[in-house]
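Grab your viewer and work through these exercises at your own pace. Each one has a task, then a solution that goes step by step.

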Amino acid sequence: MSTLIDIGKLVGKPQPATVLVPEKEKGVGCDFDSYLLVPDSSLDARITAAKARLGSDVVILGHHYQRDEVVKFADFRGDSLQLSQQAANSSAKYIVFCGVHFMAESADVVRQPHQQVILPDLSAGCSMADMADIGQVETCWAELASLGDLRVVPVTYMNSTAAIKAFTGEHGGAVVTSSNAAKVMEWSFQRGERVLFLPDEHLGRNTAFQMGIPLDRMVVWDPHLEMGGNTPEALRNARVILWKGYCSVHQRFLPEHIEKVRKENPGMKVIVHPECRFEVVQAADVVGSTDRILRTISAAEPGSAWAVGTEIHLVNRLAKMFPDRTVISLDPHVCVCTTMFRITPHHLLWVLENLGEGRVVNRIAVDDKTRGWAKVALDRMLSLK
Ligand code: SF4
């Protein structure tokens, strides 16, 4: 038995997009507003036709958290790194990323020279990535340096802007994913004494604790306070400096949800993403990336029951894929990535039909210097076996 939650017509707050859109590519005469008038009944047929006309020139990427009406047109579904790599390995000229802004930037970092990346709605940002501004991170780095040589290695989660990835690359650090964070942190501790973990406080804490680092050797850096709100002694004592950032979706899951689910559903297992709070991760039965959540539930016994702590579109999809298992959201309220949800079939149609007319709208283009250093940080991670 499966339980689905209808997410209805939820919309999120627009996120500021740090996109480079050359004037000539804004496509005067191809404005999006006119596409709002396209009736729902003709959307699927027009998207299918526009995609078919572009053929192998276009590849559509759909993140696991993307809504069904959009993700059904994706050539590849997955997480952001995997999708970026799949697009770069394709022959497509145009990469349409149905995800959020940092994901499109990542695709632009790893793309081939002849490829261009498009984000169907520029307001599809990521609240977590937006919590680490490059100016704030540079200030943090300078304040840490003022304490003497603390031998800090910066590492950043994939869910960060290209500017933060580039900062990490330029300062001897690397990118991490939710699957390999411990491996990259081990690598970092071979190069320094401390790690500055950006921008997700929870993934950093959960990973470091799993590696055996006690909580009292971790501090949180609040970018709005001097020295991040820490004393010099606390920073010198710390092994991990956690940037005060979080995912607005995963932070919603609470230990009370786990208690309630277990009380109401004896035998139900709880599986959560490591972007969840420490207390939630500690109480869960299984912790893992979207890929691990997928693999775990697909390998589970028919008749098994799962409460899943991640974005609702993936939870609902898993419930549909495995009707002989019970799959529910850990939080009875809808946990939706409201910014990714901003990408509608209308946006997808708009970008595809413009591409068909030779117009590139909503291109995401990371400048060469940023691309170069971000690639260094990514390659350091990828070189770790
Ligand atoms: S689910 Fe969270 S981390 Fe992922 S894109 Fe949405 S806000 Fe960002």
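**Exercise 1. Two odd phi values**

Find the loop that holds M227, then work out its phi and whether it is buried, partly exposed or exposed.

Step 1. M227 sits in the loop that links β8 to α9 (232-237). This is a predicted model, by the way.
Step 2. Check the backbone: phi of M227 is near 55°, so positive, and the residue is not a glycine. Most residues other than glycine have a negative phi.
Step 3. Count neighbours: M227 has 17 C-beta neighbours inside 10 Å, so it counts as partly exposed.

Now do R151 in the same way.

Step 1. R151 is in the loop between α5 (134-145) and β5.
Step 2. Its phi is near 50°, again a positive value in a residue other than glycine.
Step 3. R151 has 10 C-beta neighbours inside 10 Å, and therefore counts as exposed. The cut-off for exposed is 12 or fewer.

**Exercise 2. A peptide bond to flag**

Decide whether the bond from L198 to P199 is cis or trans, and locate P199.

Step 1. Omega is near -25° for the bond from L198 to P199, and the bond is cis.
Step 2. P199 falls in the loop between β7 and α8 (201-210).
Step 3. For context, most peptide bonds are trans.

**Exercise 3. Laying out the five-stranded sheet**

Write down the strand order of the open sheet with five strands, and say which strands stand at its edges.

Step 1. The order reads β6-β5-β7-β9-β8, with parallel pairing.
Step 2. The edges belong to β6 (174-176) and β8 (218-221); each has a single partner strand, so one side of each lacks a neighbour in the sheet.
Step 3. On average, and ignoring direction, neighbouring strands here are turned by 30° against each other.
Step 4. Add a helix: α6 (residues 162-170) packs on the sheet and touches β5 (152-157), β6 and β7 (194-198). The direction of α6 makes about 150° with that of β5.
Step 5. Zoom in on one edge: β8 pairs with β9 (residues 240-243) over four bridges, in the parallel sense. V219 has I241 in β9 as its bridge partner.

For an extra check, how far apart are F189 and V240 in sequence and in space? They are separated by 51 residues in sequence, and by 10.0 Å from C-alpha to C-alpha. F189 belongs to helix α7 (residues 181-189), and because it has 18 C-beta neighbours inside 10 Å, F189 counts as partly exposed.

**Exercise 4. The four-stranded sheet**

Work out the order of the open sheet with four strands, and trace the bridge partners of V272.

Step 1. The order is β11-β10-β12-β13, and the pairing is parallel.
Step 2. β11 and β13 (326-329) are the edge strands, each pairing on one side only.
Step 3. α13 (residues 312-321) packs on this sheet, touching β12 and β13, and its direction makes about 165° with that of β13.
Step 4. β10 (residues 269-272) joins β12 (residues 305-309) through four bridges, and pairs with β11 (residues 286-287) over two.
Step 5. V272 has V287 as its bridge partner in β11, and G309 as its partner in β12. I271 is bridged to V308 in β12.

**Exercise 5. Sides of helices**

Pick out the buried residues of α10 (residues 255-264), and explain why they share a side.

Step 1. The buried residues are H257, I258 and V261.
Step 2. They span an arc of only 100° around the axis, so they lie on the same side of α10.
Step 3. The general rule: an α-helix has 3.6 residues a turn, so residues three or four places apart point the same way.
Step 4. What do those buried residues pack against? Their contacts are β10, α11 (278-283) and β12.
Step 5. Over on the other side of α10, E256, E259 and K263 are exposed.

Then try α3 (residues 80-88).

Step 1. S80, L81, L83, S84 and A87 are buried there.
Step 2. Their arc is only 165° around the axis, which puts them on the same side of α3.
Step 3. Their cover includes β1 (58-63), β2 (76-78), β3 (94-98) and α4 (101-110).

**Exercise 6. The ligand shell**

Sort the residues around the ligand by character.

Step 1. List the shell: Y65, V100, C126, S127, M128, N159, C247, S248, V249, E311, C337 and M340.
Step 2. Sorting gives eight nonpolar, three polar and one charged.

Note on methods
Residues are numbered from 1 along each chain as its sequence is written. This is a predicted model: local features need pLDDT of at least 70, side-chain atom pairs count only at pLDDT 80 or more; totals for chains, interfaces and linings use all residues. A residue is near a molecule or strand if its C-beta atom, placed from the backbone, lies within 6 Å of it. Ala, Val, Leu, Ile, Met, Phe, Trp, Tyr, Cys and Pro count as nonpolar, Asp, Glu, Lys and Arg as charged, and the others, Gly among them, as polar. A residue is buried if 20 or more other C-beta atoms lie within 10 Å of its own, exposed if 12 or fewer, and partly exposed in between; C-beta atoms are placed from the backbone. The arc is that of the directions from the helix axis to the C-beta atoms. Two residues are in contact if their C-beta atoms, placed from the backbone, lie within 7 Å. Two strands pair if DSSP finds at least two bridges between them. Axes are lines fitted to C-alpha atoms, for helices over the stretch in contact, and angles run from 0 to 180 degrees between N-to-C directions.
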